[in-house]
Amino acid sequence: MDTEFGPPLDDMAVLGRDLTKRFGEFTAVDAINIDVYSGECFGLLGPNGAGKSSTMRMLSCISQPTSGALTVLGTDPRREAARIRGRLGIVHQENNLDLDIKVVENLTTYARYFGFSRSECRRRAAEMLEFAQLEQKAVSKAGELSGGMQRRLAIARALVNSPEMVFLDEPTTGLDPQMRHVVWQRLLELKQRRTTLVVTTHYMEEAEQLCDRIVIMDHGHIVAEGTPQMLIKENVSQEVVELWFSETPTEETAAPLKGISEQFDVLADRIVLYVANGEEAAKEVHRRGLTPERLTIRRSTLEDVFLRLTGRTLAE
Amino acid sequence: MVTTDVSTPVPTAPRVSAARVGAVLEYFFTYSFRTREALTLLGVIWLTAVTEPVLYLLAMGLGVGSLIDSTIPVDSHQLSYIQFVAPAMLAVSCMSGAISASIFSFYTRHRHLGMFTMISTAAVSPAEVVVADWLWEIIRVTMLSAIFVAVMVVAGVVGVGNALVAFVATILVIAAFAAVGIGLSTLLRGWQDFDIITVAQTVLFLFSGTFFPIQQYPEWLQVIVQLSPLYQSIALLRALTIGDFGMALVVPIGYLLLMVVAGLLFSVRRLGRDLGR
Amino acid sequence: MANPTITVLERHMLLYQRLWRASAFSLFILPVLFLTSIGLGVGGYIHQVDGHDYLQWITPGLIASTAFQTGANESTYGVLSEFEWVGGIKAMRSTPVRIQDMIRGWLIYVLIATELAVAAFLIVIWLAGALTPGLAISAPFVCGAVSLAIATPTTAFSAAINDQDWFLVLARFVILPATLFSGVLFPISQLPAFIQPLSYLSPLTHAVELMRDFAFGTATPMTVALHFAYLLAWIVAGWFLANITYRRRLTD
């Protein structure tokens, strides 16, 4: 039965309160609260150094929080980290494959770490080869695979223990767009099987495609959380007009825009204007005598949410 | 209609310009000293460099040498065991220094760091890259051999005059092994091949008249051993430390010079092919 | 259920398999080279040491030295590359395998590599017709112990550094002096009196004495127990150090 605030507590895959991670003087994660519901795809967004990876490492029971309370799959990782990891699948940013041995050996060796018998490992490896569409490459050396194939192998390897929850750190960084879609397809399939997914990414498109719920992190804090649609609706308007300038625009350049929209950001190369109706706003811009080099109108995205909340772009 | 004849070769710049080689050397220099940690580590390594000759001379001279009561005949001289073995250890130290400097660091920088691909796009020819790297290795390893020779002088194994001459000769030994080493490193397929280099070095180390005169061997083996580059280096350094400056030195010097020329030419060709130039 | 230590060992053995051809060659060739060059060559100038031919006298020590080198060499790049380049340890860390399982599995692998090298050495001696029962029975135990005695602290060291140049420091300050001054090539009594106690710090010295005592039948229960106890102390200390450095590197 659902409670007033969401699903019942035993449906929580992760329950984190005041989670903090410090490295000496540096605070990577600063007292954040994080909840992940069973069966959802949960996204951690933010620029490099926002604290996403440190958060992931704590949630996946690889590192211990400096302070705060954490429950993963109903268990306390302070005491039972190894046992919890047996129920998780973890995909790091780097593939960490053994490139000199065969593809199938990469899967069986890893499956053995979970304590399965040899024959069970072979069975699971075969299943995962199919999932990753690598049956043809089973006896090739892992080092001979393309980047996209290695990524699929790394993901398949993390699934070899039929995990209840899977952590993916930047699953598609460095892949070409076509490969990215293949990987997304695999992840959507997992979602349909009701596997809980926790994904970090700095691709907004990825988050919008996959995630049911998102938190945006910056400087070790959570700056916003909600569904992708909600975040867009609450923080930015429906459409975005971008005015591109060859010279860096100033507040002065932006002055005539007041009244078209109260929400705008002045960046190094452009002014971003958040409006309900892009077409009308564009006409108004020209009427007021502004002459940007180029003007674009588009739907607002999570990228804009991040920009609105932090005043910075994700690439910075 | 006027056509431009593109087939006419553009007059090529001299293949090795001192200025560009100098620039590459400067780059290696700044790269090596790029961080405080790298600098600290380098300092520690230099400190340990002194321990190596001291340890070898102690072990071979005091330890093994004290078990040997006879002197060892070399040409017309009768040498104590430490006098016999010290110049050989010096040659071994030059060889392994030059080999590890050229093979391991060249390999890492070329294959893993892609440094040479980067440099050679900046209008530097493969020949210039090879020469710069070769000089860089010589500079580094020569500092080690200088320390070794100094320790020999302090230990009273060799006089100052002969030591200076021997030191100059170590530069030639290092240059020869570095040139060949760079060439070999372009042939390596991966880390597994380093094992072969290590075994080859051990064979040279044990069978080049390092620890005992090759007259101990059967005649046919002596002929083979004389082909060893380490044997030639040892012969050169041994003769110089005992002040034997004769025509006989022409053979080892010629041998080492040949290694320099062949090694460099081969390296330039291989690197050129690797970089697609 | 599969023991996690064994599953870690399985991976190391799988990775070793693709190298064994190259390493088998050097396993057999190096003892031959050392015995002929040092034993026969240098031996030609040395009459007798402690009443034995030089070749006979150095053989037990050379076996121990080979084991010592294997333990040290395996634990340098082999460990560092797992952390820095291969990422195999990071992958294990994502599974129920615990840190002590990783270290145990790794050390058993080093032990196997050592015993293979020792076996090759013994076969060479046997082919030369010089293998005694004392040597054959004691070598696997003494060599295994001395290999682990150096492998555990070296593994700890390799897990603590991130620049391979530190191995040069290790080689020059620890491995080389231990190899030269542990009584392998000449009796420690030849060294100046103030260096001799330093020699006894080296685990190799104790292994060399054990091997010689077994080979020449001069072993007494007391000395055997003391030498083994010393080697064990190194293994235990190194084991704890390795646990500390692995933990520091993997849990943050």
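This report walks through a predicted model of three chains, A, B and C, one chain at a time and then by their contacts.

**Chain A: make-up and domains**

Let us start with chain A, which has 316 residues, of which 43% count as buried. Its secondary structure consists of eleven helices and 13 strands. Taken along the principal axes, the C-alpha atoms of chain A fill a box of roughly 75 × 45 × 45 Å. The domain assignment splits chain A into domain 1, residues 9-232, and domain 2, residues 237-299. Taken over C-alpha atoms, the centres of domain 1 and domain 2 of chain A are 39 Å apart. If you look at contacts in chain A between residues at least 6 apart in sequence, 68% of them join residues at least 24 apart.

**A sheet in chain A and the helix on it**

One part of chain A invites a closer look. Here three strands make up an open sheet, ordered β2-β1-β4 (chain A), with antiparallel pairing. At the edges stand β2 (26-37) and β4 (67-72) of chain A; each has a single partner strand, so one side of each is left without a neighbour in the sheet. From one strand to the next, the twist averages 15°.

As general background, the strands of a sheet pair through backbone hydrogen bonds, in either a parallel or an antiparallel way. In this sheet, β1 (residues 12-23) of chain A pairs with β4(A) in the antiparallel sense, over five bridges. A handy place to find this pairing on screen is Val14(A), which stands opposite Val72(A) in β4(A). Helix α1 (residues 52-59) of chain A packs on the sheet and touches β1, β2 and β4 of chain A. The direction of α1(A) makes about 125° with that of β1(A).

**Chain B: helices and annotated spans**

Chain B has 277 residues, and 42% of them count as buried. Ten helices and two strands make up its secondary structure. Reading from the N terminus, the order of elements in chain B is α-α-β-β-α-α-α-α-α-α-α-α. Among contacts in chain B between residues at least 6 apart in sequence, 78% link residues at least 24 apart.

An unreviewed UniProt entry places the feature "transmembrane region" at residues 84-107, 113-131, 138-158, 164-184 and 245-268 of chain B. For chain C, the UniProt annotation "transmembrane region", also from an unreviewed entry, covers residues 20-46, 106-129, 135-161, 173-195 and 215-242. The table sets out values for some of these spans.

| Annotated span | Distance between end C-alpha atoms | Helix and strand content |
|---|---|---|
| Residues 164-184 of chain B | 31 Å | 100% helix, 0% strand |
| Residues 245-268 of chain B | 34 Å | 79% helix, 0% strand |
| Residues 135-161 of chain C | 38 Å | 96% helix, 0% strand |
| Residues 173-195 of chain C | 15 Å | 35% helix, 0% strand |

Residues 173-195 of chain C deserve a second glance: the span is 35% helix and 0% strand, and its end C-alpha atoms are 15 Å apart.

**How the chains meet**

Which chains share the most contacts? Of the two pairs of chains in contact, that is chains B and C. In this pair, 31 residues of chain C are in contact with 25 residues of chain B. On the side of chain C that touches chain B, α2 (20-41) and α8 (166-180) of chain C each supply at least two residues. The largest share, ten residues, comes from α2(C). By residue class, the side of chain C that touches chain B divides into 22 nonpolar, six polar and three charged residues.

Now for chains A and C. Here 24 residues of chain A are in contact with 23 residues of chain C. On the side of chain A that touches chain C, α2 (77-85) and α3 (103-112) of chain A each supply at least two residues. With four residues, α3(A) gives the most to this side of chain A. The residues on the side of chain A that touches chain C comprise nine nonpolar, eight polar and seven charged.

That leaves chains A and B. These do not touch, and their nearest C-alpha atoms are 11 Å apart. Chain C, by contrast, is in contact with chain A and with chain B.

Definitions and conventions:
Residues numbered from 1 in each chain as written. Chains lettered and ligands numbered in written order. Predicted model: local features only at pLDDT ≥ 70, side-chain atom pairs only at ≥ 80, totals over all residues. Contact = placed C-beta atoms within 7 Å. Nonpolar A, V, L, I, M, F, W, Y, C, P; charged D, E, K, R; others polar. UniProt positions renumbered as here; feature names shortened; annotations may be inferred. Domains from an automatic or database assignment. Buried ≥ 20, exposed ≤ 12 C-beta atoms within 10 Å, placed from the backbone. Pairing = 2+ DSSP bridges. Axes fitted to C-alpha atoms, helices over the stretch in contact; angles between N-to-C directions.
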